[in-house]
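Take a walk through this model, from its helix packing to its core and then to a single strand residue. Keep the sequence at hand as you read.

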Amino acid sequence: MKLEHLIQAYKVNNIEAELKEMNSKNERAGVINFANGISASYLLDDEDIVIAMKIFFNCLARESMKLDAQLSHVIKVIQVMQNTIMLLSNIPQNECNMILDKLGLFDNTFKEGKQIKHLDHTYKIEVVEGLLCLSINEIELMKG
């Protein structure tokens with residue numbers, strides 16, 4: 001998916017997403033800021049299509065340690081994960097949830113880090129320096 005379409009799709013799905021300033025039009029990588037404590041780095045191909053993304057999640061709400069703030073933040077984390085997977089991979093929500101389930105997000109087995117391949121992408125979840133990290137990479141198909 002083209003970067004500009006990805007940002008538009010986030011906004012349509014009520015997810016705040018803001019591109020950080022890039023130094024030049026020729027940059028092939030950059031950063032997207034989401035809600036508090038959520039940001040992503042992305043890599044583009046020559047046609048401005050996102051071919052890889054690594055999203056970092058601080059899973060604690062920064063504004064408040066109250067239960068409702070924590071719950072709201074975790075919901076936002078899951079929404080960003082789901083939307084990113086569905087948009088970049090062009091898959092429905094049930095497939096996306098299957099990916100998140102196999103990565104161990106819902107049974108806490110993600111802590112050791114897990115990676116799976118599904119269709120044209122690889123998905124990896126891990127904890128890096130106390131942050132939850134989801135990596136999505138397009139698999140390069142051999143051209144013959």
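The axes of H2 (residues 67–89) and H3 (93–102) come within 9 Å and cross at roughly 115°. Axes here are lines fitted to C-alpha atoms, for helices over the stretch in contact, and angles run from 0 to 180 degrees between N-to-C directions. Helices (H or I, at least four residues) and strands (E, at least two) are DSSP runs, numbered from the N terminus. The crossing of H2 with H3 is right-handed; that is, the near helix is turned clockwise from the far one by less than a right angle. H2 brings Met 81, Gln 82, Ile 85 and Met 86 to the contact (heavy atoms within 4.5 Å). H3 answers with Gln 93, Cys 96, Asn 97, Ile 99 and Leu 100. By class, that makes six nonpolar, three polar and no charged residues. Ala, Val, Leu, Ile, Met, Phe, Trp, Tyr, Cys and Pro count as nonpolar, Asp, Glu, Lys and Arg as charged, and the others, Gly among them, as polar.

This is a predicted model: local features need pLDDT of at least 70, side-chain atom pairs count only at pLDDT 80 or more, and totals for chains, interfaces and linings use all residues. Residues are numbered from 1 along each chain as its sequence is written, and side-chain values use heavy atoms, with hydrogens and water left out.

H2 also meets H1 (residues 3–12). Their axes come within 11 Å and cross at roughly 140°. H1 is therefore oblique to H2 (neither under 35 degrees, nor over 145, nor 65 to 115). This crossing, too, is right-handed. Leu 6, Ala 9 and Tyr 10 of H1 touch Asn 83, Thr 84, Leu 87 and Leu 88 of H2. Five of these residues are nonpolar, two are polar and none is charged.

Now the core. The largest nonpolar core (buried Ala, Val, Leu, Ile, Met, Phe, Trp, Tyr and Cys residues joined through side-chain atoms within 4.5 Å) has 38 residues. Those with the most contacts inside it include Tyr 10, Met 53, Met 81 and Ile 85. H2 gives the most, with seven residues. Met 53 reaches Leu 6 and Tyr 10, Thr 84 and Leu 88, and Leu 134 and Ile 136, among others.

Last, Thr 122, in strand E6 (residues 121–128). Is Thr 122 buried or exposed? Its relative accessibility is 19%, so Thr 122 counts as buried (under 20%; exposed is over 50%, partly exposed in between, with a 1.4 Å probe and protein chains only). Beyond its neighbours within four places in sequence, its contacts include Gln 115, Lys 117, Ser 135 and Ile 139.
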